[in-house]
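Work through these exercises with the sequence and the structure side by side. Try each task before you read its solution.

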Amino acid sequence: NNAILVLSGDVDLEKAKKLSKKYFGKIRKGKKESKLKVTDPDLNTNIFVKMKHSTVKQPIWKKFYRTISYKSDIDASIALDMGLKIVASGTSSLLYQKLVEEKKIFSVVGGYYQGLTKGEGNVYLYAISKDKNKSEEIDGIIMKEFKEIVEEKLTPKRFEIEKKKYFFDTIYRKDGVLNPAQIYGEALTVGLTIDDIKKWREKVNNVSLNDVKKILNQLYENQNYVIGELSN
């Protein structure tokens, strides 16, 4: 009842139907059940968790937010993913350039959005401090820079460059035989439709700088999060 079979490549449809029936036809349907709703307890505050272990060689800081998913709001999720890629993803991100390369406060800093979920989506920020800053200090440094980037450094020119890269990445991601099958399979499993996937590039193209700034500001204002620190 909950299985999705995706065939990708130069498929002979009639032969594929026969083979599918041969290998999967004997599996009986289960009892019809209402769709499972994945819900977590409400997070209406901020929480700090500190863990220690003698084997830890490099202390690490992480911040976790619950947020929208592609299933709950595709357009806003694309804007959030695009914005976080510009601000926090990889060595070319604005956070990395400022806090690692220029100010040399951290040896690593970054973040990403995980929105392909049945329930709520998640945003992760992470950092490794060079000077063993306390968690609240790390949070203050990163969020101050985050706010300045959104307000001052996320310029129309930078946005258009990054948007083009993001747009072409959505095309390259479908290269090969496995990738399209995985994209469709994962999307359908969490509740998206084939039409949602077909319109993906159009939706990416429609994202504006204001959309990205709005969703990043909402993340900045969100006070419901968990901060974790792992040290020795």
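## Exercise 1: The overall picture

Among contacts in the chain between residues at least 6 apart in sequence, 75% join residues at least 24 apart. The model is a predicted one.

**Task.** State how many helices and strands the chain has, and in what order the elements run.

**Solution.**
- Step 1. Count the elements: the chain has nine helices and five strands.
- Step 2. Read them from the N terminus on: α-β-β-α-α-β-β-α-α-α-α-α-α-β.
- Step 3. Add the extent. The C-alpha trace spans about 65 × 45 × 30 Å along its principal axes.
- Step 4. Add the surface. About 15,200 Å² is exposed, and carbon and sulfur atoms supply 52% of it. Of the 232 residues, 36% count as buried.

## Exercise 2: A salt bridge between a helix and a strand

**Task.** Find the partner of Asp 139 in a salt bridge, and say which parts of the chain the pair ties together.

**Solution.**
- Step 1. Look at the side chain of Asp 139. It meets that of Lys 63 in a salt bridge, with 2.8 Å from N to O.
- Step 2. Place both residues. Asp 139 lies in helix α4 (residues 135-153) and Lys 63 in strand β2 (residues 60-67), so the pair ties together parts 76 residues apart in sequence.
- Step 3. Check the accessibility. Asp 139 and Lys 63 are both buried.
- Step 4. Set the pair in context: the count of salt bridges comes to 14.

## Exercise 3: A network of three

**Task.** Work out which residues salt bridges join into one network with Glu 145.

**Solution.**
- Step 1. Start with Lys 103. Its side chain meets that of Glu 145 in a salt bridge of 3.6 Å, N to O.
- Step 2. Locate this pair. Lys 103 is in the loop between α3 (94-102) and β3 (106-114), while Glu 145 is in helix α4, 42 residues apart.
- Step 3. Turn to Lys 153. This residue also forms a salt bridge with Glu 145, and the closest N and O atoms are 2.9 Å apart.
- Step 4. Compare accessibility with the cut-offs: buried is under 20%, and partly exposed runs from there to 50%. Glu 145 has 2%, so Glu 145 is buried. Lys 103 has 42% and is therefore partly exposed. Lys 153, at 29%, also counts as partly exposed.
- Step 5. Join the bridges. They share partners, and Lys 103, Glu 145 and Lys 153 form one network.

## Exercise 4: From α3 to a hairpin

**Task.** Follow the chain from α3 into β3, and say which strand β3 pairs with.

**Solution.**
- Step 1. Look at α3. Leu 94, Leu 95, Tyr 96, Lys 98, Leu 99 and Val 100 are buried there.
- Step 2. Find their cover. It includes α2 (74-88), β3, α4 and α5 (156-172).
- Step 3. Move on to the loop between α3 and β3, where Lys 104 lies. The phi of Lys 104 is positive, near 55 degrees. Most residues other than glycine have a negative phi.
- Step 4. Enter β3. Eight bridges join β3 to strand β4 (residues 121-129), and the two run antiparallel.
- Step 5. Check one position: Phe 106 stands opposite Ser 129 in β4.
- Step 6. Name the arrangement. β3 and β4 form a hairpin, with six residues between them.

## Exercise 5: Buried or exposed?

**Task.** Decide whether Trp 200 and Ile 27 count as buried or exposed.

**Solution.**
- Step 1. Place Trp 200 in helix α8 (residues 200-206).
- Step 2. Apply the cut-off of under 20% for buried. Trp 200 has 16% relative accessibility, so Trp 200 counts as buried.
- Step 3. List its contacts beyond neighbours within four places in sequence: Tyr 70, Ile 74, Ile 78, Thr 170 and Leu 192.
- Step 4. Place Ile 27 in the loop between α1 (13-24) and β1 (46-52).
- Step 5. Apply the cut-off of over 50% for exposed. Ile 27 has 57% relative accessibility, so Ile 27 counts as exposed.
- Step 6. Look around Ile 27 on the surface. Together with Leu 5, Leu 7, Val 11, Leu 19, Tyr 23 and Phe 24, Ile 27 makes a nonpolar patch of about 700 Å².

Definitions and conventions
Residues numbered from 1 in each chain as written. Predicted model: local features only at pLDDT ≥ 70, side-chain atom pairs only at ≥ 80, totals over all residues. Heavy atoms only, no water. Salt bridge = Lys/Arg side-chain N within 4 Å of Asp/Glu carboxyl O. Helix = DSSP H or I, 4+ residues; strand = E, 2+ residues; numbered from the N terminus. Buried < 20%, exposed > 50% of the residue type's maximum accessible area, 1.4 Å probe, protein only. Contact = heavy atoms within 4.5 Å. Pairing = 2+ DSSP bridges. Patch = residues over 30% accessible without salt bridge, like charges linked within 9 Å, V, L, I, M, F, W, Y side chains within 5 Å. Areas by Shrake-Rupley, 256 points an atom, 1.4 Å probe, with all protein chains shown as cover.
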